[in-house]
Amino acid sequence: MSREPKVTDLMEKIQAYHPTADVGLIRQAYDFSAKVHKGQKRLSGEPYLVHPMAVAGIIADLKLDVPSVVGGLLHDTVEDTLTTLDEVKGLFGPEIAALVDGVTKLSRVNFTSHEEKQAENFRKMILAMAKDVRVILIKLADRTHNMRTLSHLPVEKQIATAQETLEIYAPLSHRLGIAWVKDELEDLALKYLHPEIYYQLKRNVAKKKAAREKYINEVISIISKKLEEEGIDADVTGRPKHFYSIYQKMESQSLLYDQIYDLVAFRILVDAARECYEALGVIHAHWKPVPGRFKDYIALPKANMYQSLHTTVIGPYGERMEIQIRTHEMHRVAEEGIAAHWRYKEGKDFQFNEIQRFAWLRQLIEWQQNMQDPQEFLHSIKEDLFPEEVYVFTPKGDLLNFPKGCTVIDFAYRIHSEVGHHCTGARVNGQLVPLKYLLRSGDTIEIITTHQQTPSRDWLKLVKTARAKSKIRNWIKSQQRERSVVLGRQILESDLHRYKLDYVGLRREGKIDSIAKELGMKDEETLLASIGYGKVTPRQILAKVVPLDKLEPARKQGEGTLERLFRMVSGQKRDLAIKVQGVEDVLVRFARCCHPLPGEEIVGFITRGRGVTVHVSGCSTVLESDPHRKVEVTWQDNGQTPRPINDVNIARAQVRTFPDQKAVNTFEVMITNSDQLKRVLRNITRVKGVYKATRAKG
């Protein structure tokens, strides 16, 4: 157990970089947090106060202001104690209360799934960040300490938290430019997701520590001497790459640890940008550069403000080594990112117009405003947090950055939604190219449009950015809805006609709108769309305008009924262990795109004539479907109905070997539920020599 941190240590740390800080407010926040968390323990057995103190310490490591540190001390008070937000506001003011509220989860709201809860909490945090970027910095500090103490949680929780950290918080810290937080979160996530690999890397790195340190000192001495001879004053350092970056290289290139040569990165820090290029010339004059491995992020900074020169050279003993060259100021921004910029705004509000300086933050806020479905928002965030940058030009010479793998359609939607919707192709550097053309750094792009062109579902396979995917999906959904409204009206008018009732007349009398409200629909259009989808039957409307004694009995497969839409399958609902809310005896089938398993969060979609298709929540196909067709579905019989993955009834095994003494083994197993599958995968991962075990898709 670690010793309980002292508030005096925290106050001294803050005064070291902020001598005029109001440490009295720090003491007040500490006393309040200690009082409300009194008696609470963490799973480690430590007093709960250890956590907010550690979070405040990490915030101080980022050298943020007093309200940020106070926010760290109080960040769990509203969520985990009887403290109210009004109480925090009364004691510490509206600024600090807003920070605490921004990182407080929506724990008192009912959600239909864990993913929806996760998505809405993240969305709430982004909204708060739009007003004050310190919210996300406090959250990153919170997640960093939670990852440091993750060993005290149950294994299932460890894996879920580590996965979320790797998918969201580590790349988010990268996007915000905070390198040391990103590296630590990635390494800790690797430790819990792939412990065998993590500890093997740790053993390998430790085994060669003495030789590596000797090599580092030798290279530093050579570089320092060469730069000094050219009159360049520089600080030269070298360090091993962090575990996760080594793991990524092993995975992407199918290499073993002993096959990776550039395990050490060297850094040269100088005073001015001009000296960066001079130092680069010295390095390339002494060691042969590796073709294609030079990157100039000074002339073309990354989206997170990162600036540096990167080169890989053949160094001593014929080993490749990576060298980064930057100014001291660039290094400060590289390590601290947006936190470094924010510190100079002390005493001023960091409002939305300040965030405009950070292009990616601006996009993030725009996405959450445009995407109504929180799960789609979260899915888009995960996709867009991992890009390698490509830089292209508009015909006017404006520079735009895109994730690697983007097409001209992504570019078109970046210009304007209407340009995207009607894009038929492009001229790249004056040459005509098709829609599937991949953007390359240095390209000048001019989009060609025609009014007749409209998006298709195939475009979703061509685009990479969240903006383009969202716009295309929304267009497709709007078209689906329009068709369903037309179909719904046709069905309803047909049924009304049999009773000599006129739809237009009923609408004029306000009855259609009244019925829509009675059925919980927002308006007439939603009612018609629901009929078109099959979620509402015309008989439900007829029952409200036709006397019961004149209403015809429901027919098994009558016109305009659910039975007409779906074939009844006797006993199938029981076999598939699925219950569809509000619908009885309906054809249920499992989506082949995601193969839902008992115990997983699921969602159903009504398809005319094909019943209800069950997907895993978060499946990409779900994101492309009209949310108005969504119905709530749940597993029955405790989800204990075994069924094969990939719809095959015979268990099989397939082994593919590779020349580098690696193999890929594919097993098909009969399992009972998702928890059982997770246990199988976890146990396989722990087998010595196994690099990764995952569930097959498709």
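## A pairing to start with

In strand S16, the residue facing Phe 605 is Lys 630. Phe 605 also has a partner in S15, where Thr 613 stands opposite. We'll come back to these strands after a look at the whole chain. Keep in mind throughout that this is a predicted model.

## The chain as a whole

The chain has 698 residues, and 51% of them are buried. Its secondary structure adds up to 31 helices and 21 strands. How much of the contact network links residues at least 24 apart in sequence? Counting contacts between residues at least 6 apart, the share is 64%.

The largest nonpolar core takes in 75 residues. Those touching the most other members are Leu 10, Ile 26, Val 70, Leu 74, Phe 92 and Leu 201. Take Leu 10 as a sample: setting aside neighbours within four places in sequence, Leu 10 contacts Ile 26, Met 53, Ala 56, Gly 57, Ala 60, Val 69 and Leu 73.

## The sheet around Phe 605

Back to the strands. S13, S15, S14 and S16 make an open sheet of four strands, in the order S13-S15-S14-S16, with mixed pairing. S13 (588–590) and S16 are the edge strands, each with a single partner strand, so one side of each has no neighbour in the sheet.

S14 covers residues 602–607, and five of its six residues are buried, so you can call this strand mostly covered. On one side, S14 pairs with S15 (residues 611–616) in the antiparallel sense, over six bridges. One of the pairings puts Val 603 together with His 615 of S15. S14 is also joined to S16 (residues 630–631), again antiparallel, by two bridges. As a general rule, strands of a sheet pair through backbone hydrogen bonds, either parallel or antiparallel.

## Helix H13 and its two faces

Helix H13 runs over residues 209–229. Does the length come out as expected or not? At 1.5 Å a residue, its 21 residues should span 30 Å, and the end C-alpha atoms are 30 Å apart, so the two agree.

Which residues of H13 are buried? They are Arg 212, Tyr 215, Ile 216, Val 219, Ile 220, Ile 223 and Leu 227. These cover an arc of only 135° around the axis, which puts them on the same side of H13. The general reason is that an α-helix has 3.6 residues a turn, so residues three or four places apart point the same way. The face of H13 turned away from the buried side carries exposed residues: Ala 210, Ala 211, Lys 214, Asn 217, Lys 225 and Glu 228.

What do the buried residues of H13 pack against? Their partners are helices H12 (195–207) and H15 (273–286), along with strands S1 (235–240), S2 (264–270) and S6 (320–327). Glu 218 is another residue of H13, and at 28% relative accessibility it counts as partly exposed. Glu 218 and Pro 316 are 98 residues apart in sequence, yet their C-alpha atoms are 8.9 Å apart in space. After H13 comes Gly 231, whose phi is positive, near 75°.

## Gln 324 in strand S6

S6, one of the strands that H13's buried residues pack against, is home to Gln 324. Is Gln 324 buried or exposed? With a relative accessibility of 10%, Gln 324 counts as buried.

The side chain of Gln 324 has a polar contact of 3.3 Å with the side chain of Arg 267. Leaving out neighbours within four places in sequence, the residues in contact with Gln 324 are Phe 266, Arg 267, Ile 268, Tyr 306, Ser 308, Leu 309 and His 310.

## Two more helices

Helix H23 (residues 466–497) includes Ala 468. Ala 468 is buried, with a relative accessible area of 0%. Beyond residues up to four places away in sequence, Ala 468 touches Asp 410, Tyr 413 and Val 463. Gly 420 is 48 residues from Ala 468 in sequence, and the two are 7.8 Å apart in space, C-alpha to C-alpha.

Helix H31 spans residues 674–685. For its 12 residues, 1.5 Å a residue predicts 16 Å, and the end C-alpha atoms are 16 Å apart, which agrees. The buried residues in H31 are Ser 674, Leu 677, Arg 682 and Thr 685. Their arc around the axis is only 135°, which places them on the same side of H31.

Methods: Residues numbered from 1 in each chain as written. Predicted model: local features only at pLDDT ≥ 70, side-chain atom pairs only at ≥ 80, totals over all residues. Heavy atoms only, no water. Core = buried A, V, L, I, M, F, W, Y, C linked by side-chain atoms within 4.5 Å. Buried < 20%, exposed > 50% of the residue type's maximum accessible area, 1.4 Å probe, protein only. Contact = heavy atoms within 4.5 Å. Expected span 1.5 Å × (residues − 1). Arc of directions from axis to C-beta. Polar contact = N/O pair within 3.5 Å; in protein donor to acceptor, adjacent residues only side chain to side chain. Pairing = 2+ DSSP bridges.
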